[in-house]
Amino acid sequence: MANNDSRPVFFFDIDNCLYPRSKRVHDMMSKLIDQYFITHLSLTEEDANKLHLRYYKEYGLAIEGLKRHHKIDPLEYNRQVDDALPMEDVLSPDLQLRKLLEDIDKTKVRLWLFTNAYITHGKRVVRLLGVDDMFEGITYCDYGSEKMLCKPHAEMFAKAQAEAGVVSVGDCYFVGKLTWFLHHPVFNTDLRTAIVVSIFTSYSDIPPF
């Protein structure tokens with residue numbers, strides 16, 4: 001992306017943002033993650049859930065803990081978890097969402113996707129919602145990379161800014177769950193009630209997770 005585009009960028013989270021939490025995708029994913037822990041680490045259901053949550057709190061993603069401590073194949077994990085979700089049974093084209101995105105003045109802002117999921121999941125969601133053509137690009141957690149970057153870590157936000165070609169951090173705005181900016185997951189929201197907030201003044205201002 002050329003850096004001579006001065007428009008601010010709205011970075012849209014995907015899961016539980018472009019579709020409501022009532023779709024229960026998070027619950028389905030949590031069950032698949034727990035099952036992965038049970039199957040591959042030979043844990044009880046209770047221990048699997050505890051370790052899953054521990055890794056999520058420590059690293060931002062359970063898969064990061066699995067990769068660090070258990071040397072699992074992240075892309076195979078993605079196949080058994082994210083890509084195994086029955087999204088075609090849950091999501092369908094959302095005309096209200098599309099209208100909302102169409103009404104945003106693109107001469108003033110640019111729209112970009114920003115997710116902790118792997119690219120296959122992110123692209124599948126926006127395709128099923130019928131809004132895949134509304135965004136200029138996507139920054140995702142690269143499960144195939146030696147070093148996995150994810151929200152809420154500062155390097156992930158820096159990656160998003162660089163990939164979107166934004167020169168000034170003051171032109172970066174995040175649309176979605178504010179739990180990335182809070183110490184505890186107090187609440188979630190979907191796009192229709194989301195608050196657009198400046199991602200950060202400087203990367204050092206991101207609170208610890």
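**Figure 1. The loop between α1 and α2, with serine 42.** In this predicted model, serine 42 sits in the loop that links α1 and α2. Its phi is positive, about 55 degrees, although serine 42 is not a glycine. Serine 42 is exposed, with a relative accessible area of 66%; the cut-off for exposed is over 50%.

**Figure 2. The loop between β1 and α1, with asparagine 16.** Asparagine 16 belongs to the loop between β1 and α1. Phi of asparagine 16 is near 60 degrees, again a positive value in a residue other than glycine. Asparagine 16 has a relative accessible area of 5% and is therefore buried, the cut-off being under 20%.

**Figure 3. Packing of α1 against α2.** Two packed helices are described by the angle between their axes and the distance between the axes. For helix α1 (residues 25-41) and helix α2 (residues 45-59), the angle is about 115 degrees and the axes are 9 Å apart. α1 is therefore roughly perpendicular to α2, a class that covers angles of 65 to 115 degrees. The two helices cross in a right-handed sense. On the α1 side, the contact involves Ser30, Ile33, Asp34, Phe37, Ile38 and Leu41. On the α2 side, Glu45, Ala48, Asn49, Leu51, His52 and Tyr55 take part. Sorted by class, the residues of the contact between α1 and α2 are seven nonpolar, three polar and two charged.

**Figure 4. Packing of α1 against α3.** The axes of α1 and α3 are 11 Å apart, at an angle of about 15 degrees. The two helices, α1 and α3, are therefore roughly parallel to each other, as angles under 35 degrees are classed. Their crossing, that of α1 and α3, is left-handed. From α1, the contact draws on Ile33, Tyr36, Phe37 and Leu41; from α3, it draws on Ala62, Leu66 and His70. The contact of α1 with α3 comprises six nonpolar residues, one polar residue and no charged residues. Ile33, Phe37 and Leu41 of α1 also appear in the contact with α2.

**Figure 5. The nonpolar cores.** In soluble globular proteins, nonpolar side chains tend to be buried together. Here the largest nonpolar core has 47 residues. Phe12, Leu18, Phe37, Tyr77, Leu101 and Phe135 are the residues with the most contacts inside this core. At least two core residues come from each of β1 (9-12), α1, α2, α3 (62-70), α5 (87-90), α6 (95-102), β2 (110-114) and α7 (119-129). Helix α1 gives the most, with six residues. A second core, separate from the largest one, has twelve residues, among them Trp112, Phe114, Val166 and Phe174. Over the whole chain of 209 residues, 48% are buried.

**Figure 6. Surroundings of leucine 129.** Leucine 129 is part of helix α7. With a relative accessibility of 3%, leucine 129 counts as buried. Apart from neighbours within four places in sequence, leucine 129 is in contact with Leu18, Tyr19, Leu91, Ser92, Pro93, Asp94 and Leu97. Leucine 129 and leucine 91 are 38 residues apart along the chain, and their C-alpha atoms are separated by 6.3 Å. For the chain as a whole, among contacts between residues at least 6 apart in sequence, 72% join residues at least 24 apart.

**Figure 7. Helix α8 and the loop before it.** In the loop between β3 (138-139) and α8 (154-164) lies proline 152. The peptide bond that joins lysine 151 and proline 152 is cis, with omega at about 15 degrees. Within α8, the buried residues are Met156, Phe157, Lys159, Ala160, Gln161 and Ala164. The elements that cover these buried residues of α8 include β1, β2, β3 and β4 (172-175). Glycine 165, just after α8, has a positive phi of about 70 degrees.

**Figure 8. Overview of the elements shown in the close-ups.** The chain has eight helices and five strands. Read from the N terminus, the order of elements is β-α-α-α-α-α-α-β-α-β-α-β-β.

Technical notes
Residues are numbered from 1 along each chain as its sequence is written. This is a predicted model: local features need pLDDT of at least 70, side-chain atom pairs count only at pLDDT 80 or more; totals for chains, interfaces and linings use all residues. Side-chain values use heavy atoms; hydrogens and water are left out. Axes are lines fitted to C-alpha atoms, for helices over the stretch in contact, and angles run from 0 to 180 degrees between N-to-C directions. Helices (H or I, at least four residues) and strands (E, at least two) are DSSP runs, numbered from the N terminus. Angles under 35 degrees count as roughly parallel, over 145 as roughly antiparallel, 65 to 115 as roughly perpendicular and the rest as oblique. A crossing is left-handed if the near helix is turned anticlockwise from the far one by less than a right angle, and right-handed if clockwise. Contact means heavy atoms within 4.5 Å. Ala, Val, Leu, Ile, Met, Phe, Trp, Tyr, Cys and Pro count as nonpolar, Asp, Glu, Lys and Arg as charged, and the others, Gly among them, as polar. A nonpolar core is a set of buried Ala, Val, Leu, Ile, Met, Phe, Trp, Tyr and Cys residues joined through side-chain atoms within 4.5 Å. Buried means under 20% relative accessible area, exposed over 50%, partly exposed in between (1.4 Å probe, protein chains only).
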